[in-house]
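Student: Got a minute to go through this one with me? I'd like the ground rules before the details.

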Amino acid sequence: SRGKSKMIFFGPKFEPWLANDDASRKQYTKLNSGLQRAIRKHHSNDIHYIDCLTLFCTKDSATTPGAIYGGKAKANDKYFDADGLHLNDDGYRVWKQMVEEKISEWDAIVA
């Protein structure tokens, strides 16, 4: 309904610096799963979770079997600044598009 707050929550993303850090990748995967469960359980209508874990990975690595749990998903450098952590303009454009799509979806429900 109009006036009710909504939130878009971005989950963790695989980043270039994680390429050879299996322990951290595993923790990111566990965090992602836990956040998804918590949001579904408590706020499914008010919070939209965007699973970013493989969103910024190369398409071929993100869709292969074992991409997430087998460590095969590889971050695509084209979305990241030189520090291997922060998104660059291309990465933020992807996020912006996702936010705009979700807001349009919510507006269509209210209209």
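Tutor: Sure, starting with contacts: contact means heavy atoms within 4.5 Å. This is a predicted model, where local features need pLDDT of at least 70 and side-chain atom pairs count only at pLDDT 80 or more, while totals for chains, interfaces and linings use all residues. Residues are numbered from 1 along each chain as its sequence is written, and side-chain values use heavy atoms, with hydrogens and water left out.

Student: OK, so what is Ala19 in contact with, leaving aside its neighbours within four places in sequence?

Tutor: Arg25 and Lys74, once those neighbours are set aside. Ala19 has its place in the loop between strand 1 (7-10) and helix 1 (22-43). Helices (H or I, at least four residues) and strands (E, at least two) are DSSP runs, numbered from the N terminus.

Student: Is Ala19 buried or exposed?

Tutor: In between: Ala19 counts as partly exposed because its relative accessibility is 30%. The cut-offs are under 20% relative accessible area for buried and over 50% for exposed, with partly exposed in between (1.4 Å probe, protein chains only).

Student: And what about Gly66, where is that found?

Tutor: Gly66 is in the loop between helix 2 and helix 3. With a relative accessible area of 35%, Gly66 is partly exposed. Leaving aside neighbours within four places in sequence, Gly66 is in contact with Gly71 and Lys72. The C-alpha atoms of Ala19 and Gly66 are separated by 15 Å, with the two positions 47 residues apart along the chain.

Student: Zooming out, which pattern does the protein follow along the sequence?

Tutor: β-α-β-α-α, from three helices and two strands. The C-alpha atoms fill a box of roughly 45 × 30 × 25 Å, taken along the principal axes. Of the 111 residues, 34% count as buried. Take the contacts with a separation of 6 or more: residues 24 or more positions apart account for 55% of them.

Student: Switching to rings, how many aromatic pairs does the structure hold?

Tutor: Seven. Rings of Phe, Tyr and Trp (its six-membered ring) pair if their centres lie within 6.5 Å; planes under 30 degrees apart count as stacked, over 60 as edge-to-face and the rest as tilted. Phe56 and Trp95 form an edge-to-face pair, 6.1 Å centre to centre with 70° between the planes. That pair links distant parts of the chain, 39 residues apart: Phe56 is in the loop between strand 2 (47-50) and helix 2 (59-62), and Trp95 is in helix 3 (residues 89-110).

Student: Why does Phe56 count as buried?

Tutor: Because its relative accessibility is 1%. Trp95 counts as buried too, at 17%. Ring pairs link both of them with Phe10, Tyr79, Phe80 and Tyr92 into a cluster.

Student: Which ring does the charged end of Arg25 sit over?

Tutor: The ring of Phe14, 4.1 Å from its centre. The test is NZ of Lys or CZ of Arg within 6 Å of the ring centre and within 35 degrees of the ring normal.

Student: Last one: which residue is in helix 3 and how does its accessibility come out, if I pick Glu105?

Tutor: Glu105 is found in helix 3 and counts as partly exposed, at 43% relative accessibility. The C-alpha atoms of Glu105 and Thr63, 42 residues apart along the chain, are separated by 26 Å.
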